[in-house]
Every structure is written in structure tokens, then in C-alpha cells.
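Here's a walk through one protein model, going from a small sheet out to the whole chain. Have the structure open as you read.

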Amino acid sequence: MSVYKNEKRGTWFVSFRYTDWDGTRRQKKKEGFRTRREALEYEQEFKRKQGGGTDMSFGSLVELYMADCSTRLRATTVESKQWIFDSKILPTFRSVPVRDITPTMIRRWQNELLTDPSGYSPTYLKTINNQMSAVMNYAIRFYGLPSNPVVVCGPFGKKAATAMQFWTRDEFHQFIACVKKPAARLAFELLFWTGMRSGELLALTLDDVDFERSRIRINKTLAQVRGETVVNPPKTPKSNRVVSVPRFILALIRDYADRLVDYEPQDRLFYFTKHFLHYELAAGCKASGVKRIRVHDLRHSHASLLVEMGFSPLLISERLGHENIQTTLQTYSHLYPDKQEEVSSRLESDEGEKYSGVLSEFEKKIEDMT
């Protein structure tokens with residue numbers, strides 16, 4: 001017998017032995033169950049989970065998957081994944097055995113997301129669906145699930161937003177004129193004129209600024225993990241970069257730093273959170289009448305400005321810290337004007353004289369045809 005009653009507390013507990021993944025025999029005890037049935041169900045599910053088969057519940061599979069992810073991914077990424085599972089996936093599938101999850105069930109769950117009053121964006125729907133697919137792929141690889149029911153259902157949501165939001169230079173000037181707080185003003189200036197991510201901005205120190213060479217070194221990012229401030233390496237290896245900046249940005253940074261009290265060059269320049277940026281952005285948009293965008297869209301605004309100025313995708317990719325140029329092209333290719341006619345015109349201008357004979361003959365034939 002492995003289920004017992006705590007007569008003093010009036011609750012039930014389980015105590016049993018099991019074999020761990022490495023073959024070690026261990027003792028497991030769990031208290032606080034209201035009924036004998038709950039205690040017995042816990043023991044049975046625990047053993048199914050340890051056995052590693054698809055008869056375990058989906059909730060147990062997620063626990064195993066997240067434990068695996070926590071050793072391989074950033075804490076911020078793990079926290080984001082856990083939030084999606086807890087709020088969007090587990091309420092539907094927690095108690096369902098993994099082997100019993102069918103494409104039909106996935107389809108119904110997707111339809112519930114589509115009709116949710118919150119009105120999730122297509123890109124967010126795809127993010128949620130991707131997490132469900134990832135955990136089912138994990139079950140295929142390590143626990144013998146024969147196929148992924150999410151894949152059977154086909155694509156869901158969209159990878160990229162249909163319309164990218166960004167500000168022109170004039171719109172930014174209109175907005176920044178209405179931002180009065182010095183810290184917020186400098187933050188928005190940096191985001192717009194450098195294209196750095198908000199986490200990279202919040203991790204900046206004065207030591208990261210090279211005033212002689214007009215450069216800012218981006219080598220860390222700040223995030224909130226379970227309520228605590230964490231400074232991590234940049235998002236990807238390519239995100240560790242040096243960004244050149246105009247002299248007026250350096251002047252703004254110097255003036256701001258000189259006003260700080262008891263500030264050391266290795267201290268962070270900004271001690272507010274992303275929430276502060278969101279609030280100040282909304283207030284500035286309302287005061288200036290400029291269309292509302294997200295904080296991250298200031299990064300898109302910088303990229304669109306560089307495209308307008310004629311800079312190459314490769315340079316933009318390096319400046320933004322994209323892992324590869326494909327990311328830049330996929331994100332911003334629609335901003336580049338169609339240059340096909342310009343290509344043919346320039347080729348003809350450069351080489352047309354050398355081919356004047358055949359060109360005259362061709363034009364004569366076209367004239368005869370018409």
C-alpha cells in the first residue's frame with residue numbers, strides 16, 4: 001500500500017519507491033491531497049511520467065519538456081514558453097494523455113483561439129501554435145509518439161505581420177518634441193537613430209560609449225525574469241556588435257550622464273523598465289498626434305530610414321545585429337523599391353553604343369511590325 005491518511009491533518013499522502021532515469025531506486029513522498037483518489041492518481045501519473053510513454057498526461061509532458069528547455073535556453077525564453085503553456089495550452093490539454101491528442105482536438109483548440117474575445121494577432125497565434133508543435137515534436141523524439149497532430153492540421157497564424165508599423169523622420173521629430181522627461185527622450189532618440197533593441201538599450205552604460213570614435217558597443221541585454229532584473233549576453237552572436245552614431249547622439253548622451261547624481265561609468269544609464277517606455281511612448285503619441293506604434297517599431301523605423309537612404313541590406317543586417325542577411329531581407333524587402341527598370345536603363349546607357357548596329361536593326365523591325 002502506498003496511499004496513507006494523515007489523521008492529524010485530515011489529508012492523504014503517498015509514499016512509494018521508483019526507478020529514476022539513470023537506474024537509481026528512489027523514494028517519493030507527496031502530501032496534502034484532499035482525497036485518497038487524488039493521492040492515488042498522483043502516484044499513477046508520476047509513474048507514467050517516469051516510464052516515459054505516451055500514456056502520460058500532456059501536463060506531465062510539458063513539465064519534462066520545460067525542464068529540458070531550462071538547461072538549454074535563456075531564462076527569458078523559458079519564461080515566455082511557460083507563460084504560453086500555462087495560459088493558452090494547458091487549460092485545454094493538461095489532463096489528456098499524450099497519445100489521445102488528435103488532429104481533430106488540435107483543430108478545435110485552434111478555432112477557440114481564433115474566436116477568443118481577446119482578438120489575438122495572426123503572428124501571436126502562430127507563436128502559440130509553434131509551442132504546441134514543439135512539445136509534440138519532443139514527444140516524437142524522446143517518448144515514441146508516432147506523429148505530430150499539430151503538423152497534420154497544417155499552417156496556423158502568420159509568420160509576419162501584414163503591415164509593418166514605423167515612423168518617418170518627420171513623424172519622429174513631431175513625437176520627440178512632445179517627450180519632456182530627459183531619460184525617456186534620450187531613450188527614444190537612441191532607439192530611433194541606432195535601431196537597438198529595448199533590452200539592449202536598458203543594459204547600456206557610459207563605458208559602452210566611445211566618444212572619440214562615435215560608436216556604441218552593444219554586448220548585453222536586460223530582461224525581467226520572474227520579477228528580477230537579469231543582464232544577459234545579446235540575443236545572438238551577431239547581436240554583439242559596435243554601432244556608429246551621429247555626433248548629436250553623443251552630445252545627448254554626455255549631457256544626460258552629466259546630470260546624473262552619483263553615477264559611475266559602469267552603471268546602467270537607464271533604471272526604468274520596458275513598461276516605462278511603453279507608457280511614455282503612448283503619452284508622446286497622444287500629445288503629438290503621431291500614429292501609435294510599439295516600442296519595438298522604433299527599430300523598424302530605423303531600418304526603414306536606412307533603406308530610404310539607400311544603404312545595402314548587408315549593412316542594415318550588421319547594424320541591427322541580425323543573425324543573417326536573410327532575416328533582414330525577409331523583414332524589410334518590401335521597403336526596397338523595384339529597381340528592374342533602372343537596371344535595364346543603366347545597362348543600355350553603358351553598353352548601348354557598342355551594340356548600336358543590332359539595336360538599330362531591332363528598332364527598324366519593331367517599327368515595321370507596327
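## A small sheet

Let's start with a single pair: Val-209 sits opposite Ile-216 in S5. That pairing belongs to S4 and S5, which run antiparallel and are joined by 2 bridges. Strands here are DSSP runs of E with at least two residues, helices are runs of H or I with at least four, and both are numbered from the N terminus. Two strands count as paired if DSSP finds at least two bridges between them. This is a predicted model, so keep the thresholds in mind: local features need pLDDT of at least 70, side-chain atom pairs count only at pLDDT 80 or more, and totals for chains, interfaces and linings use all residues. Residues are numbered from 1 along each chain as its sequence is written, and side-chain values use heavy atoms, with hydrogens and water left out.

Zoom out a little and you get an open sheet of 3 strands in the order S4-S5-S8, with antiparallel pairing. Strand S4 (209-210) and S8 are the edge strands, each pairing on one side only. Over at the S8 side, strand S5 (residues 215-218) pairs with S8 in the antiparallel sense over 4 bridges, and Ile-218 has Arg-241 as its bridge partner in S8.

S8 (residues 241-244) also shows alternating side chains: Arg-241 and Val-243 point to one face and are buried, while Val-242 and Ser-244 point to the other and are not. For the record, buried means under 20% relative accessible area, exposed means over 50%, and partly exposed is in between (1.4 Å probe, protein chains only).

## Two loop residues

Just ahead of the sheet, Thr-205 lies in the loop between helix H9 (198-202) and S4. Thr-205 is buried, with a relative accessible area of 6%. Leaving out residues up to four places away in sequence, Thr-205 touches Lys-220, Tyr-263, Pro-265, Gln-266, Asp-267, Arg-268 and Leu-269. A contact here means heavy atoms within 4.5 Å.

Gly-289 is another loop residue, found between helix H11 (274-288) and helix H12 (297-308). Gly-289 counts as exposed, at 60% relative accessibility. Its C-alpha atom is 7.8 Å from that of Phe-175, although the two residues are 114 apart along the chain.

## Helix H4 and its buried side

Helix H4 (residues 103-114) has 12 residues and reaches 16 Å from its first C-alpha to its last, close to the 16 Å expected at 1.5 Å a residue. That expected span is 1.5 Å times one less than the number of residues.

Which residues of H4 are buried? They're Ile-106, Trp-109, Gln-110 and Leu-113. These four cover an arc of only 100° around the axis, which puts them on the same side of H4; the arc is taken from the directions from the helix axis to the C-beta atoms. The buried residues of H4 pack against helix H3 (75-93), helix H5 (122-143) and helix H6 (149-152).

## Salt bridges

How many salt bridges does the structure hold? There are 14, each being a side-chain nitrogen of Lys or Arg within 4 Å of a carboxyl oxygen of Asp or Glu.

One of them joins Arg-9 and Glu-31 (3.9 Å, N to O). This pair links distant parts of the chain, 22 residues apart: Arg-9 is in the loop between strand S1 (3-6) and strand S2 (11-19), and Glu-31 is in strand S3 (residues 25-33). Arg-9 is exposed at 62% relative accessible area, whereas Glu-31 is partly exposed at 38%.

Arg-37 and Glu-41 form another (3.1 Å, N to O). Being 4 residues apart in helix H1 (residues 36-51), Arg-37 and Glu-41 are separated by about one helical turn. Arg-37 is exposed, with a relative accessible area of 64%, and Glu-41 is partly exposed at 39%. Asp-68 and Arg-72 also meet in a salt bridge (3.7 Å, N to O); Asp-68 is partly exposed at 26% and Arg-72 is exposed at 67%. Salt bridges that share partners join Arg-9, Lys-29 and Glu-31 into one network.

## The whole chain

Stepping back, the protein has 16 helices and 8 strands. Buried residues make up 39% of its 370 residues. Among contacts between residues at least 6 apart in sequence, 60% join residues at least 24 apart.

The accessible surface comes to about 22,200 Å², and 51% of that belongs to carbon and sulfur atoms. Accessible areas come from the Shrake-Rupley method with a 1.4 Å probe, and for residues only the protein chains shown count as cover.
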